[in-house]
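Open the model in your viewer and keep the selection box handy. We will walk through it stop by stop.

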Amino acid sequence: MSVANRAYNEPLFGTKSVASDKFWRWGNDNLFPEALTLMARRSTTHRRIINDKADYISGKGFTCDEVQQPRLAAFVRRVNGCGESLRQVLNKLAFDKALFGNAFLEAVTDRNHSFLALYHQDASRCRIARDSQHVLLHHDWRNFRLKEAQSLPLYPRFEEQADGTLRTLIHYKDYEPSFDHYGVPPYIAGLNASAIAYKTDRWNIARLDNSFQPSGVMVLDTAVDSEEEAERIARLAEEKFGGNPGQVMFVIRDGENNGNSHFEPIVAQNEGDWQSLHDQAVSDIVVAHSWFRALSGVDYAAGFSAERILHEYEIALNTVILGEQAELTEPIRALITSILELDTSSLQIINRPPTRSKPIYMKVWEARKADGLDYDPDDEKQQVFLSEITKYNIRSIE
């Protein structure tokens, strides 16, 4: 199958098919990013995982050898004209990649390579041009106008812009077979689970709005002259007494006397099923994200286990976090080296666990005692505080 044919099969979401000779559509209706964004705003667990992934991947900042590389340290603190640090830009890239499976980083310089600026570009504003060598940026893809779009070349190509700068756009994307122009988010198999979690939450909100009153049928025994009059009375009764619409159905019955109006509750023993459905959906969301329950805040209700959090963080660090950090920073290192001609070997992301198993004010012999190991309070090496052996030799750059 040709590349052109495969591109039209890229993410199926929405019903209206959109075709254009200017860009490769992102989803059948070209609004797949908007759909993913809406889902992330509605599903609490889904959004929590995306937020946490971005925070863990961007770490606590960067370290570098400030003595040997003062220019590198200054660049890391401020990478663009908006005053953003490298950590802030990396956090936005990590968020987009976790949410969309795609992220875009704009690099700006001049012909003399006298400066380098890095800007995050909102992935939902970006579409791959038909030549597959440029990216079109537009503020509203529902009403696309080519004259309002900005075109930037894909890295490693730079092109001169109207302001005299040279610019390029780095496209990060998660690999998925048969998808050439856009990546697919890793949680794609959990979209239905996210929708279920949202709908079960909405069901609980509906019950709360209705003051947890039982659903049922209210039969109003009254005389009416026409069906229109009966419908008007039923609608008025629902507005005044029905609570959340749909919880109570009103029926008008034409009776000789008006003393037989009554309420017939509808009893459904399905609350347990709803809770089980919600719990299963939450578990599926965590699995789809290739993430961990303790790091998602799912198990906090059962008790706070610092040991489990540290254990799962160590696994996440070695299976997800470090790999994502390497993928996001490799092009950045290449740009710093080629444009600013700086050595980036000392540039590292600071990774810290979300909790500590032992306080840093403990001494080594006290920590060994707590772990059931041999200890000697009189040993000079064991007299030092944990903070002294875990501190960074190179000052961190937030």
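Start at a loop: select Pro156, which sits between β6 and β7 (159-160). Remember as you look that this is a predicted model. Show the backbone here, since the peptide bond from Tyr155 to Pro156 is cis, with omega near 15°.

**The sheet**

From that loop, step back into β6 (150-153) and bring up its partners. In what order do the three strands of this open sheet run? The order is β4-β5-β6, and the pairing is antiparallel. Colour β4 (126-128) and β6 as the edges: each has a single partner strand, so one side of each is left without a neighbour in the sheet. Turn the view to look across the strands, and you will find neighbours turned by 30° against each other on average, direction ignored.

Now zoom in on β5 (residues 134-137) and β6, an antiparallel pair joined over four bridges. For one of the matched positions, select His134, whose bridge partner in β6 is Pro153. As background for what to display, strands of a sheet pair through backbone hydrogen bonds, either parallel or antiparallel.

Before leaving, select Ser132, in the loop between β4 and β5. If you check its torsions, phi of Ser132 is near 60°, a positive value in a residue other than glycine.

**The kinked helix**

Next, select residues 306-339, which make up helix α9. Where is the kink in this helix centred? Put your cursor on Leu317: the kink there is about 50°. Then carry on past the helix to Glu341, which follows α9 and has a positive phi, near 55°.

**Where two helices pack**

Keep α9 shown and add helix α5 (residues 86-100); the two pack at an angle of about 125°, with their axes 11 Å apart. An angle between 115 and 145 degrees falls in the oblique class, and α5 and α9 are therefore oblique to each other. Their crossing is right-handed.

To see the contact itself, show these side chains:

- from α5: Leu86, Leu90, Leu93, Ala94 and Lys97
- from α9: Glu324, Glu327, Leu328, Thr329 and Ile332

Try colouring this set by residue class: six are nonpolar, one is polar and three are charged. While you have the side chains on screen, a reminder helps with the spacing: an α-helix has 3.6 residues a turn, so residues three or four places apart point the same way.

Notes:
Residues numbered from 1 in each chain as written. Predicted model: local features only at pLDDT ≥ 70, side-chain atom pairs only at ≥ 80, totals over all residues. Heavy atoms only, no water. Bend = angle between axes of the 7 residues up to and from the residue. Pairing = 2+ DSSP bridges. Axes fitted to C-alpha atoms, helices over the stretch in contact; angles between N-to-C directions. Parallel < 35°, antiparallel > 145°, perpendicular 65-115°, else oblique. Left-handed = near helix turned anticlockwise from the far one by under 90°. Contact = heavy atoms within 4.5 Å. Nonpolar A, V, L, I, M, F, W, Y, C, P; charged D, E, K, R; others polar.
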